[in-house]
Amino acid sequence: METLHVSATAVAATADAVVRSLLQIRVGSGISEWSSWASWIRLVATLGASAASAIVILLLRERRLKLRRDLPTTPPHLLLGHARGLLRRQGERLHRAWRRQRAYLDAGLGPNSHVYVPFGATYVTTCEPLNLEHVLKLNFENYVKGPKFHAIHAPLLGNGIFASDGPHWKAQRKAASHLFSVAAFRDHYLDVFRERCRAVVAKLALAADQSENGAEVTVDLSDYLYRFTLDSFMAIGFGLEDLQALDAPDGTPVPFAIAFDETQRILNKRFNMSELQWTLAEWLNGDRARLQQYTATIHGLAHEIIAARHAEPAEVSAARKDLLARFMALRKPAEGDAGLILSATSDSACPSSTTYSDTELRDMILNFVIAGRDTTAQSLSWTMFELICNPRALAAFRAEIDRVCPDGAEPDYHALTKELKYGQAVLSEGLRLHPSVPTEIKFAVYDDVWPDGTRIRAGEGVVWIPWVMGRLTELWGDDAAEYRPERWLDEHGGKNKHPGPFKYPVFNAGPRTCLGQQMVMLQGVACLVELVRRFDFEVVDPAAVTYQPALTLQFKDGLMLRVRHRGGFGPGSASAPASASSRGCDDGGAAASALIAATA
C-alpha cells in the first residue's frame with residue numbers, strides 16, 4: 001500500500017514539474033492564464049494517479065479473494081487474472097479447454113480446476129461424474145442459473161425456461177412437458193418431421209441431379225438442417241405453418257435465423273468477462289448496436305406469432321394443444337408459493353389468476369426455439385459429418401435400414417424407437433463428440449462440499465464441458481477420440497446401452513434433464529435414415545470443418561458437401577447401390593482427431 005502511495009505522489013510531482021517548465025516559457029500577461037491551466041493539469045494528474053492506484057488495489061483484492069490455492073489453474077495475470085487468456089483465441093476455446101483438462105489429469109492434479117475473472121466470479125470446472133450428480137441432482141436446489149447467467153442471456157432468453165429458476169422455471173417446465181407425450185410423437189410430430197424431411201430430400205436430389213449432369217455443385221447441409229428443424233418446431237410448437245424456410249431458394253437468407261445465430265455469438269463472448277467489461281466492450285466494438293438490431297428482428301417475429309394467436313376466434317384457440325396455447329393458458333405463480341406448479345393444465349387449484357404478458361410469452365417462445373431448432377440441427381449435422389468420415393459405421397447403418405425398412409419404406413414410430421438400434425447409437429455417438437450445448441454453468445447459492453472433498457464457495461460458478469468430457473479416455477476408454485457407435489450397443493448388438501447422464505450430460509441431468517431428448521432422437525433418426533440411404537456425400541474440405549464460439553455448437557463455415565444419388569434412389573436409376581465407402585475423409589475416427597489437431 002505504501003508503494004502505491006509513493007507512486008501516486010511521484011505522478012503528481014512529475015505533472016507539476018511539467019507545468020512549471022511550461023510556465024517558464026510564458027511570461028507577462030499570459031502568466032495568470034497559465035497558472036489556471038497549471039492548477040487544472042495538477043488536479044487531473046492527481047485524480048488520475050489516485051484512480052489508477054485505486055484500480056490496482058481493487059484488482060489485487062480481487063486476486064486475493066478469488067484465486068484458489070487448492071485447485072489447479074493456468075498462471076493468472078497479476079492484475080487481470082484469467083480474463084486476458086480467456087478472451088484470446090476464442091475460436092479454439094473448446095480445444096484449449098480439452099488440452100488443459102488433459103494436462104491436469106496427466107499430471108495427477110485431478111478432475112477439477114478453476115479460473116477467475118476480476119469483478120466477475122471464480123469458475124470451478126469439473127469432469128467428475130460423481131460431482132456432476134451432486135450438482136445436478138443430489139444438491140440441486142443449491143445450484144442455480146442465477147443473476148449472472150440471466151444478465152448474460154437476457155437479450156435472447158429473458159425469463160424463459162433456460163435462464164430462470166424456482167417457481168417460474170417449474171411452471172414453464174410443467175406446461176412444456178405436455179408437448180412431449182408418446183401420443184403426440186406418434187400421432188402428429190412424426191408426420192411433421194416426415195413432411196419437412198421430404199423437403200430436405202428434394203433439395204438434395206436437385207443438387208445430385210445437377211452433379212450428374214456435369215455441374216460442380218456443393219451444398220451446405222447444416223443450413224438445410226437448420227431450416228428443417230426451424231420449420232418443424234415452429235409448426236409443432238407454435239402452429240406456424242407458413243414460415244417454410246426450407247422452401248426458399250438456396251442462398252435466400254432467413255432474417256430470423258441469421259439474427260438468432262448472430263445474437264448467440266455476441267452473448268457467448270460475455271462468459272469470459274464481468275458485466276462491467278462486456279458492457280463497455282459491446283459499446284466500443286459495435287456489438288451493442290448489432291445486438292439491438294438482431295433482437296428487434298427476433299422479438300418482432302415472436303410478437304407476430306403471439307398477436308396472431310390473440311386475434312384468433314376463441315373456439316379456434318381453445319382447440320389448440322401446441323406449446324404456445326399451453327403457455328397462454330398458464331397462470332403466474334402466486335407470491336410465496338415458490339414450490340407450487342401453477343398451470344391451467346394442472347389439476348390443482350391456481351391461487352393466481354394473472355396470465356403472462358406478451359413479453360414473457362415471447363421469452364418462453366424463444367427459449368424453446370433455441371432448443372427445437374439449434375440443438376437438433378447441430379446434432380444431425382455433426383453426426384452426418386462423422387458418418388461420412390467413417391465408412392464402416394455408415395455401412396452398418398445402411399444395412400440396418402435395409403433390414404428394418406426394406407424397399408425404401410419410411411420408418412414408423414415403432415421402428416424408430418424400438419428397431420433402429422444402430423441408428424440411435426449413431427446419433428448418440430455423434431452427440432458424445434459434438435454436444436449441441438458444449439459448455440454448461442450454474443452458480444452455488446451456499447457453500448458446499450463435493451463428494452471428492454472439493455470446497456465450493458457461495459457465488460462461485462460451476463462449469464462442466466460435455467465437449468471435453470466426451471473425449472476423455474478416463475470416461476470412454478482408449479478409443480475415446482474415435483467415432484464408434486458400437487459402444488452404445490450390448491455385445492450382441494440387440495440392445496442399446498446408456499452410460500448414465502452424469503458421464504454423458506449432453507441432455508443435462510437431474511430435474512433439468514432436457515424435455516426434448518426423445519424428440520431429438522425421433523426427429524434425428526427419421527431424418528438420418530432418409531439422407532444416408534438415398535445419397536452419397538463427400539465433404540468438400542474435411543480439414544476446414546470446425547466450430548465457432550456460440551451458445552451452441554455452430555459450424556464455423558457450414559458443412560459443405562458434394563452429393564450424388566445412391567443406386568436405386570436416383571431418378572430413373574437402375575444401377576447397383578453405391579459402395580458404403582464415402583469420399584472426402586479417412587476412416588477410423590479421423591474426423592474427431594482432425595478437429596483437435598486442426599487447432600493444436
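In this predicted model, strand 9 (residues 535-539) and strand 12 (residues 560-565) run antiparallel and are joined by 5 bridges. Two of the pairings can be picked out by residue: E538 has R562 of strand 12 as its bridge partner, and V539 is matched with L561, again in strand 12. On its other partner, strand 12 is joined to strand 4 (residues 219-220) by 2 bridges, and this pair runs antiparallel too. Here V219 stands opposite L561. Put together, this gives an open sheet of 3 strands in the order 4-12-9, with antiparallel pairing. Strand 4 and strand 9 are the edge strands, each pairing on one side only.

Strand 12 also shows two faces. In a regular strand, side chains alternate between the two faces of the sheet. For strand 12, L561, V563 and H565 make up the covered face, while M560, R562 and R564 sit on the uncovered one. So R562, the bridge partner of E538, belongs to the uncovered face, whereas L561, the partner of V539, belongs to the covered face.

Next comes the helix that goes with this sheet. Helix 21 (residues 517-534) lies across strand 9 and strand 12, and runs at about 85 degrees to strand 9. Helix 21 also packs against helix 9 (residues 221-238), at an angle of about 135 degrees and with the axes 13 Å apart. That angle makes helix 9 oblique to helix 21. As for handedness, the crossing of the two helices is right-handed.

Which residues do the meeting between helix 9 and helix 21? From helix 9 come L221, L225, F228, T229, S232, F233 and I236, and from helix 21 come M519, Q523, C527 and L531. Sorted by class, the contact holds 8 nonpolar and 3 polar residues, with no charged ones.

A second sheet is built on another plan. This open sheet has 5 strands in the order 1-2-8-5-3, and its pairing is mixed. Its edge strands are strand 1 (112-116) and strand 3 (143-144), each of which pairs on one side only. Within the sheet, strand 5 (residues 440-444) and strand 8 (residues 461-464) run antiparallel, with 4 bridges joining them. In that pair, I441 stands opposite V463 of strand 8. This sheet has a helix lying across it as well: helix 5 (residues 129-138) lies across strand 1, strand 2 (122-126), strand 3, strand 5 and strand 8. Relative to strand 8, helix 5 runs at about 125 degrees.

Key
Residues numbered from 1 in each chain as written. Predicted model: local features only at pLDDT ≥ 70, side-chain atom pairs only at ≥ 80, totals over all residues. Heavy atoms only, no water. Axes fitted to C-alpha atoms, helices over the stretch in contact; angles between N-to-C directions. Parallel < 35°, antiparallel > 145°, perpendicular 65-115°, else oblique. Left-handed = near helix turned anticlockwise from the far one by under 90°. Contact = heavy atoms within 4.5 Å. Nonpolar A, V, L, I, M, F, W, Y, C, P; charged D, E, K, R; others polar. Buried < 20%, exposed > 50% of the residue type's maximum accessible area, 1.4 Å probe, protein only. Pairing = 2+ DSSP bridges.
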